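Subject: Structure handover and notes

Dear colleague,

Please find below the structure that I promised to pass on to you. I suggest that you keep it open while you read, since the notes that follow refer to individual places in it.

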Amino acid sequence: MRSAWISAKLGIRERLSPSCGSNMLSCWLSRLCRGFSTPTGRITHPSRDSLSRTLVLSSQGRIPEFSSFVARTNTCGELRSSHLGQEVTLCGWIQYRRQNIFLVLRDFHGLVQVVIPQEESAAAVRKILCEAPVESVVQVSGTVISRPPGQENPKMPTGEIEIKVKTAELLNSCKKLPFEVKDFVKKTEALRLQYRYLDLRSFQMQYNLRLRSQMVMKMREYLCNLHGFVDIETPTLFKRTPGGAKEFVIPSREPGKFYCLPQSPQQFKQLLMVGGLDRYFQVARCYRDEGSRPDRQPEFTQIDIEMSFVDQTGIQRLIEGLLQYSWPNDKDPLVVPFPSLTFAEALASYGTDKPDTRFGMKIIDISDVFRNTEVGFLQDALSKPQGTIKAICISEGTKYLKRKDLESIRKFAADHFNQEVLPVFPKASRNWNSPVAQSILEEQGSELIRLMEIREDDVVLLTAGEHKKACSVLGKLRLECADLLEARGLVLRDPALFSFLWVVDFPLFLPKEENPGELESAHHPFTAPHPSDIQLLYTEPEKVRSLHYDLVLNGSEIGGGSIRIHDAELQRYILATLLKEDVKLLSHLLQALDFGAPPHGGIALGLDRLICLVTGAPSIRDVIAFPKSFRGHDLMSNAPDSLPPEELKPYHIQVSWPADSEAEKSSLNQPYCPES
């Protein structure tokens, strides 16, 4: 028995490469077990129809031991015909049962079929396995045997074998569940979040969280082991930071004094540079008191990085190597360096600073075509400062778009941007042109066709107005049109393609929305100005570019950073004179910059958003173990929750209750009776 147990252990490291079927479990196992690459260069892309047993988690290529220190000898998903005759002990959940003859046992690694003994001598074992409800936890011991000829299941990685059970133990019985723990069973997100511990049992959630863990492990290895970074934890309780997002406020026992949860470790990592810890990184928890969106959470995680004596190019090459090193092997390899656009170029071509470059439909400036136009609204636009005429071409638009779609597009532009958008059909077989569009074609149709390379059935969306506004509306319509075309069956954005892009040369300041005469930081007040624009700080600060850079993936910003200001006088001037902030709030940082601060810069990668895109999850909530709801609530524990007045008293806080909350207030004032 001892030798069989050792053989079973060693079997983990042996041949495990049968053909992987097309069902959900097989695909999940295939993706999980392919693991991650170790080289810093191009990644070798493994065969997609085989199940590799190489799960590399370190530069030494060691394979993890999934059954060490526990009662089982093997996982459910690892057994193959190479294990025939071995005595094994398995632990897991009952996935389903058939005619009280077979049951399927599940753990994180996969499924295996278990034969329920029918002999009278095994009545006790049969009773346990036949009466235990689905999703009960059991431990079984038995022998790995071949399935009878013709009963193999090629869609299961373990489909050639089954377990002939000798002993069984019910570890915990399961009550009736609020939903079935199967990926194909549709569940509302609210129900999934309420019973998150059950939702975590699904193969998709297991895959998402394990992939996240492994990517973080590889990032840590790349930064610390290969490039000498130091993993340093920074405080969670801090003070209010000027500018930026709203912060969560934490009361203290000192009257009128509060902590704030940090939006990021920005100040701490700069202070670490002053302290001589010149390569810092952290898997940092960050907090913003904002409403949740599909790609936002009130608490989130970022890969936080800071370096001394570095420039923008150095940070970019570091991050490209980091992503290439940690990239999953079941994805196509990353090609570096990533392409780069300036903020101005991104806005002009895509109408946004986070463009999805997987498809074309770029914005084209056609102002020169209409310099001498007789069309009134075009003439009017070009006569104004920053006036321009822009257009995008929807390839084969008349084949896929209906007239009501185009009307909807026009209404969207008018409602959201107060901007007129004109559909033009230069070479369409159907004449849908309005009188204005017909006038444009009669006047400059051939030049428009040449400039925009228009083909049969293409549709042009044309708008005129101020440059930024015209680009923004067409950028939004570009994405709206992509959604419409893909809904009609045309594939524009390949989900298997990961299109990275650096966006650089952002403006350092933006006019405040509530008071356009004043400035606010485009990102944060510690970003250094572009060296070429330093003199403009004192004359035309609104024109100053910054040394900020964003990393964009498939139209989502997944990282942002900058070279920092390391000169105390320059930092004080920007804070006090240009931003009109109270410098007392940052006196500790300004003092540190005066004590020999080295040049430094850094970046933060949004881990939740990155993993969401890598896994193809619809929301970052699907890659976080215990996320908050859309409104920022924990539906499982009902957080946030009320506190009785006596618990608030040490913090010198009183709650001002809305009129409709009097009943709740009354219940909280009742004596507290703990459960017995």
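Phenylalanine 626 is a good place to begin: its relative accessibility is 45%, and because this lies between the limits of 20% for buried and 50% for exposed, the residue counts as partly exposed. Please bear in mind from here on that this is a predicted model, and that the values I quote are computed from it. Phenylalanine 626 sits in the loop between helix H17 (607-615) and helix H18 (645-648), and together with Tyr197 and Met636 it forms a nonpolar patch on the surface, with about 300 Å² of accessible area for the three together.

The loop between H17 and H18 also holds proline 640, and the peptide bond that leads from alanine 639 to proline 640 is cis, with omega near 0°. Where else does a cis peptide bond join a residue to a proline? Valine 336 and proline 337 are joined in this way, again with omega of about 0°, and proline 337 is found in the loop between helix H8 (312-326) and strand E11 (340-342). As background, most peptide bonds are trans, and most residues other than glycine have a negative phi.

With that background in mind, two further residues deserve a careful look. Phenylalanine 69, although not a glycine, has a positive phi of about 70°, and its place is in the loop between helix H2 (24-34) and strand E1 (87-98). Methionine 361 is likewise not a glycine and has a positive phi, here of about 60°; this residue lies in the loop between helix H9 (343-350) and strand E12 (364-365). Is each of them buried or exposed? Phenylalanine 69 counts as exposed because its relative accessibility is 86%, whereas methionine 361, with a relative accessible area of 13%, is buried.

Methionine 361 leads on to isoleucine 394, since the two residues touch. Isoleucine 394 belongs to strand E13 (residues 387-394), and because its relative accessibility is 0%, it counts as buried. Leaving aside residues up to four places away in sequence, the residues that isoleucine 394 touches include Leu401, Asp457, Asp458, Val459 and Leu461, as well as Cys481 and Leu485. If you would like a distance to check for yourself, the C-alpha atoms of isoleucine 394 and arginine 455 are separated by 10.0 Å, and these two residues are 61 residues apart along the chain.

Cys481 appears again in the packing of two helices, where it is one of the residues of H14 that meet H12. Helix H12 (residues 403-417) and helix H14 (residues 467-487) pack at an angle of about 145°, with 11 Å between their axes, and the crossing of H12 past H14 is right-handed. On the H12 side, the residues involved are Asp405, Ile409, Phe412, Ala413 and Phe417, while those they meet in H14 include Lys469, Ser472, Val473, Lys476 and Leu477.

Finally, here is the chain as a whole. The protein chain has 19 helices and 21 strands, and 49% of its 676 residues count as buried. Among its contacts with a separation of 6 or more, 68% come from residues 24 or more positions apart. The chain exposes about 32800 Å², of which carbon and sulfur atoms supply 52%.

With best wishes

Methods. Residues are numbered from 1 along each chain as its sequence is written. This is a predicted model: local features need pLDDT of at least 70, side-chain atom pairs count only at pLDDT 80 or more; totals for chains, interfaces and linings use all residues. Side-chain values use heavy atoms; hydrogens and water are left out. Helices (H or I, at least four residues) and strands (E, at least two) are DSSP runs, numbered from the N terminus. Buried means under 20% relative accessible area, exposed over 50%, partly exposed in between (1.4 Å probe, protein chains only). Contact means heavy atoms within 4.5 Å. Patches are made of residues with over 30% relative accessible area and no salt bridge: like charges are joined within 9 Å, nonpolar side chains (Val, Leu, Ile, Met, Phe, Trp, Tyr) within 5 Å. Accessible areas come from the Shrake-Rupley method with a 1.4 Å probe; for residues, only the protein chains shown count as cover. A salt bridge is a side-chain nitrogen of Lys or Arg within 4 Å of a carboxyl oxygen of Asp or Glu. Axes are lines fitted to C-alpha atoms, for helices over the stretch in contact, and angles run from 0 to 180 degrees between N-to-C directions. A crossing is left-handed if the near helix is turned anticlockwise from the far one by less than a right angle, and right-handed if clockwise.
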